[in-house]
Each structure stands twice: as C-alpha cells, then as structure tokens.
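Reader: I have a new model open on my screen and would like to find my way around it. Could you walk me through it with a few questions and answers?

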Amino acid sequence: GELTAPMPGQVRAVNVSEGEAVVKGQTLMVLEAMKMEIRIQASVDGTVRKLFVKQGQTVEREQLLIEIE
C-alpha cells in the first residue's frame, strides 16, 4: 500500500528503512502538523519498498510518504 500525508506538516521521525519488514499498525513515521504529532502507521504487513521523504522535510497534504509491498 501507499501511505500519504493526511495534512501538511514536517517529518519529525522516520522509524524504518527501505527493505525493512513491517507489521500492520506499526508506527513508520511521525509528522508534526499544527503542533500535533501524527503517527503514520503501516496499513498492512509487508516490506518497505520505498521511502519518499526524509526527517526534517516539509510535506503537503496527500504527498506520498512510504510504499509498502
């Protein structure tokens, strides 16, 4: 699945790397938006195929963050 940003914000933490196995519900990334922390969690079990953003990067709403296969 593809995970996108729910709102504009800044990437505060990236908790996984490409090629890493993840489980559904695992926190993969943390965004900060409007002084809130938003946890981006795996929607399925799988492997991180591609990371599209880095820590510190600003993202727009619906921007692609992570691809899991």
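Author: Happy to! Please keep in mind that this is a predicted model.

Reader: Let's begin with the sheet that holds strand 2 and strand 4: in what order do its four strands lie?

Author: This is an open sheet, and its strands pair in the antiparallel sense. Strand 5 (36–41) and strand 7 (58–59) stand at the edges, each with a single partner strand, so one side of each has no neighbour in the sheet. Reading across from one edge to the other, the order is 5-4-2-7.

Reader: Inside that sheet, which residue of strand 4 is the bridge partner of V11?

Author: Strand 2 covers residues 9–14 and strand 4 covers residues 27–33. The two run antiparallel and are joined by four bridges. Within strand 4, the partner of V11 is L31.

Reader: And the sheet that contains strand 6 and strand 8: which strands are at its edges?

Author: This open sheet also has four strands with antiparallel pairing, in the order 1-8-6-3. Strand 8 pairs with strand 1 over three bridges, and strand 6 pairs with strand 8 over three bridges. Two bridges join strand 6 to strand 3 (residues 21–22). The strands that pair on one side only are strand 1 (2–4) and strand 3.

Reader: Can you give me some landmarks there, ending with this one: which residue of strand 6 is the bridge partner of V22?

Author: Where strand 1 meets strand 8, T4 stands opposite L64. K50 stands opposite E67 in strand 8. For V22, the bridge partner in strand 6 is G46.

Reader: Now for the largest nonpolar core: which strand gives the most residues to it?

Author: The core has 19 residues, and L28, M29, L31, L65 and I66 touch the most other members. At least two core residues come from each of strand 4, strand 5, strand 6 (46–51) and strand 8 (64–68). With four residues, the top contributor is strand 4.

Reader: I66 is on that list, so which residues does I66 touch, leaving aside those up to four places away in sequence?

Author: I66 is one of the core residues that touch the most other members. Its contacts include G1, E2 and L3, along with V48, K50, L51 and F52. The remaining two are L28 and M29.

Reader: How about D45: is it buried or exposed?

Author: D45 is found in the loop between strand 5 and strand 6. A residue counts as exposed over 50% relative accessible area. D45 has 54% relative accessibility, so it is exposed.

Reader: What distance separates the side chain of D45 from the backbone nitrogen of K24?

Author: Leaving aside residues up to four places away in sequence, D45 touches V22, V23 and K24. By contrast, its C-alpha is 13 Å from that of I66, a residue 21 places away in sequence. The D45 side chain reaches the backbone nitrogen of K24 at 2.6 Å.

Reader: Last one: how far apart in space are E69 and V22, C-alpha to C-alpha?

Author: E69 is in the segment after strand 8, and it is exposed, with a relative accessible area of 58%. Not counting residues up to four places away in sequence, E69 touches G46, T47 and R49. G46 is also the bridge partner of V22. E69 and V22 are 47 residues apart in sequence, and their C-alpha distance is 9.9 Å.

Conventions
Residues are numbered from 1 along each chain as its sequence is written. This is a predicted model: local features need pLDDT of at least 70, side-chain atom pairs count only at pLDDT 80 or more; totals for chains, interfaces and linings use all residues. Side-chain values use heavy atoms; hydrogens and water are left out. Two strands pair if DSSP finds at least two bridges between them. A nonpolar core is a set of buried Ala, Val, Leu, Ile, Met, Phe, Trp, Tyr and Cys residues joined through side-chain atoms within 4.5 Å. Buried means under 20% relative accessible area, exposed over 50%, partly exposed in between (1.4 Å probe, protein chains only). Contact means heavy atoms within 4.5 Å. A polar contact is a pair of N or O atoms within 3.5 Å; within protein, one must be able to donate a hydrogen and the other to accept it, and residues adjacent in sequence count only if both atoms are side-chain atoms.
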